[in-house]
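Please find below my notes on this model, set out as numbered points that can be read alongside the coordinates.

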Amino acid sequence: MTDAVTATEVPPLTSGTFRVRFRPQKGVSRQPNDVVLTGWGEIEFAGDDLSLRGRQNEFFGFGSAVSITVQRHQIVNVLQDGRTVRFDVLTPDRPPMVVKFRTDSESTARTIVGSLPDAVTEAAARTIAESNEFANRLQAVGGKTRVTAALVLLNVLVFVFLSFKGAGVLVPDARVAAQWGSNFGPATLSGQWWRLLTSMFIHFGIIHLALNMFALYQTGLLVERMYGSVYFLMLYLFAGISGSIVSVLWHPSINSAGASGAIFGVYGALLVFMLDRRTGVPPSIVASIRNSTFAFIAYNLLNGFANSGIDNGAHLGGLVGGAVMGVMLTRPLEETRRRNPLPRLAGALAAGLLLLGSAVYLCFPQSMKEELKLQHALTEFVPKEQRALNDYDGVLKRVQQGQLDQAGAAREIDQYIIPQWDNLYDSLAAAKLTEQSRRLDLQYGLERYCDLRRKHLRLVIAAFRTGDSMLQTDAQRALEDIKAQIEVLKHASKP
């Protein structure tokens, strides 16, 4: 059974053939035997007949050639959007057949539409009316979307800046990203909490950036108008930080970055807005957006679980964070109900900070934080150690070449090289491991190694300043102790 149709006079008969490109209509439920045209084809007017010739959409747009002839009076719900034309074909005892195609010009599209009936079903008329109502109400409460555009621009600028710093365009360098604020677990949990925020604007390669910015721009424009720009910015940041927290909880040792957690939060907020009846969104709009949002979330989460390189922790955390903030910030699409937004904003901000703080405090036990603090120190140890050794070798070389006297060498070692070993020791000692930690021996061994290095350097300083040969012998013995400690560390570092 089909919907009632508001019939009008059928337009004058037209003959002619037009080359078009058929495009399957997304989001339309179909029967197993439905014909769906795709790819290049043509439509031909011949009296009251309209022939549609294209290819059957059987496998990713590929399929066999097919030709369908319908009567013009079967066509209803004709719509034109630029060069795109869409209409339904009513057939007995079957759901309407949806036809959508793109022409070579807007004038061609107008010619085709002018030769088709302007009959509209009751369901389509209702959907069109609700769509117009929704658009008008959106325009009344929030016509500008500056935050979305600013967020996209900021992400792009950060990417360009980091590309010049060596982060890579196609092949990313995760080390550079970590230096500039990606969510590297050991660093984040060692007190660099700002990484929870900065990592939202860093991307691993241009493809990562392009996919995220496309999703943000496509959905952010709508959600920003629904919530208002200030509310939208708050829920975006809250969702992004929520995603970063869950990411570092899920995989404490990985290096993650990207706007996907915040973008999932945008979709979570969109879903909340659609499901809240108080917002006044028409049912047909709710159904359409709800279904597409569920499809986006389900597909990307399943894809994330299937691919180890995708940070689903950030996705899930951002989704929940956006939904939670959406519940607190959702308002009806009525201008009178959106006056004086500050009390709601302040309440949501306080609640959000409390939730995030509680999550960090409850979900990350102190023992884990200390282990990751040591991990962060270990990550930085080798390059810092090598820098200190190179600086010391440089001082000795300058002494041998006569460019620096022994008194000057002693002063440089005391002022510039020993402090480097002090910093290495302090970073290791800052991690308060429990007695049950498997890396306690490694920590103690590295601390002793730093102590021996400092002892050796102090003996060298004393020998340079006094010229005492006994101190030079003691410095040489300290080097032997260092070599022995290195052998101890090799065993302590084994799994």
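**Notes on the predicted model**

1. S199 sits in the loop that connects α6 (195-198) with α7. The model is a predicted one, and in it S199 counts as buried, its relative accessibility being 2%. The side chain of S199 is joined to that of S244 by a polar contact of 3.4 Å. When residues up to four places away in sequence are set aside, S199 touches G181, S182, N183, S244, S256, A257 and G258.

2. How far apart are the end C-alpha atoms of α7, and what span should its 22 residues have? At 1.5 Å a residue the expected span is 32 Å, and the end C-alpha atoms lie 30 Å apart, which agrees. The helix α7 nevertheless has a kink of about 40 degrees, which is centred on G220. Just after α7 comes G228, whose phi is positive, at about 95 degrees.

3. The buried residues of α7 are L209, N212, M213, A215, L216, T219, G220, V223, E224, M226 and Y227, so that G220, on which the kink is centred, is itself buried, lying under the 20% limit of relative accessible area. The elements against which the buried residues of α7 pack are α2, α3, α8, α9, α10 and α11.

4. The largest nonpolar core has 50 residues, of which M226, Y227, Y236, M274 and V281 touch the most other members. At least two residues of this core come from each of α2 (122-141), α3 (146-164), α7 (206-227), α8 (229-250), α9 (260-275), α10 (283-306), α11 (312-329) and α12 (342-363). The helix that gives the most to this core is α9, with 11 residues.

5. Which residues are in contact with M226, leaving aside its neighbours within four places in sequence? They are F134, L138, L270, F273, M274, I289, L333 and R338. Apart from the core to which M226 belongs there lies another core, of 33 residues, and A377, F381, V395 and C450 are among them.

6. Turning to charged pairs, the structure holds 14 salt bridges. One of them joins R72 to D48, with the closest N and O atoms 3.7 Å apart. R72 belongs to the loop between β5 (65-71) and β6 (75-81), whereas D48 belongs to the loop between β3 (37-46) and β4 (49-56), and the pair therefore ties together parts that are 24 residues apart in sequence. R72 is buried, at a relative accessible area of 0%, while D48 is partly exposed, at 27% relative accessibility.

7. A further salt bridge links D451 and R454, whose closest N and O atoms are 2.5 Å apart. These two residues are three places apart in helix α15 (residues 440-466), and about one helical turn therefore separates D451 from R454. An α-helix has 3.6 residues a turn, so residues three or four places apart point the same way. D451 is partly exposed, with a relative accessible area of 35%, but R454 counts as buried at 10% relative accessibility. Elsewhere, E42, E44 and R53 are joined into one network by salt bridges that share partners.

8. The salt bridge between D173 and R175 has its closest N and O atoms 3.4 Å apart. Are the two partners buried or exposed? D173 is partly exposed, with a relative accessible area of 23%, and R175 is exposed, at 63% relative accessibility.

Terms used:
Residues are numbered from 1 along each chain as its sequence is written. This is a predicted model: local features need pLDDT of at least 70, side-chain atom pairs count only at pLDDT 80 or more; totals for chains, interfaces and linings use all residues. Side-chain values use heavy atoms; hydrogens and water are left out. A salt bridge is a side-chain nitrogen of Lys or Arg within 4 Å of a carboxyl oxygen of Asp or Glu. Helices (H or I, at least four residues) and strands (E, at least two) are DSSP runs, numbered from the N terminus. Buried means under 20% relative accessible area, exposed over 50%, partly exposed in between (1.4 Å probe, protein chains only). A nonpolar core is a set of buried Ala, Val, Leu, Ile, Met, Phe, Trp, Tyr and Cys residues joined through side-chain atoms within 4.5 Å. Contact means heavy atoms within 4.5 Å. A polar contact is a pair of N or O atoms within 3.5 Å; within protein, one must be able to donate a hydrogen and the other to accept it, and residues adjacent in sequence count only if both atoms are side-chain atoms. The expected span of a helix is 1.5 Å times one less than its number of residues. The bend at a residue is the angle between axes fitted to the seven residues ending there and the seven starting there.
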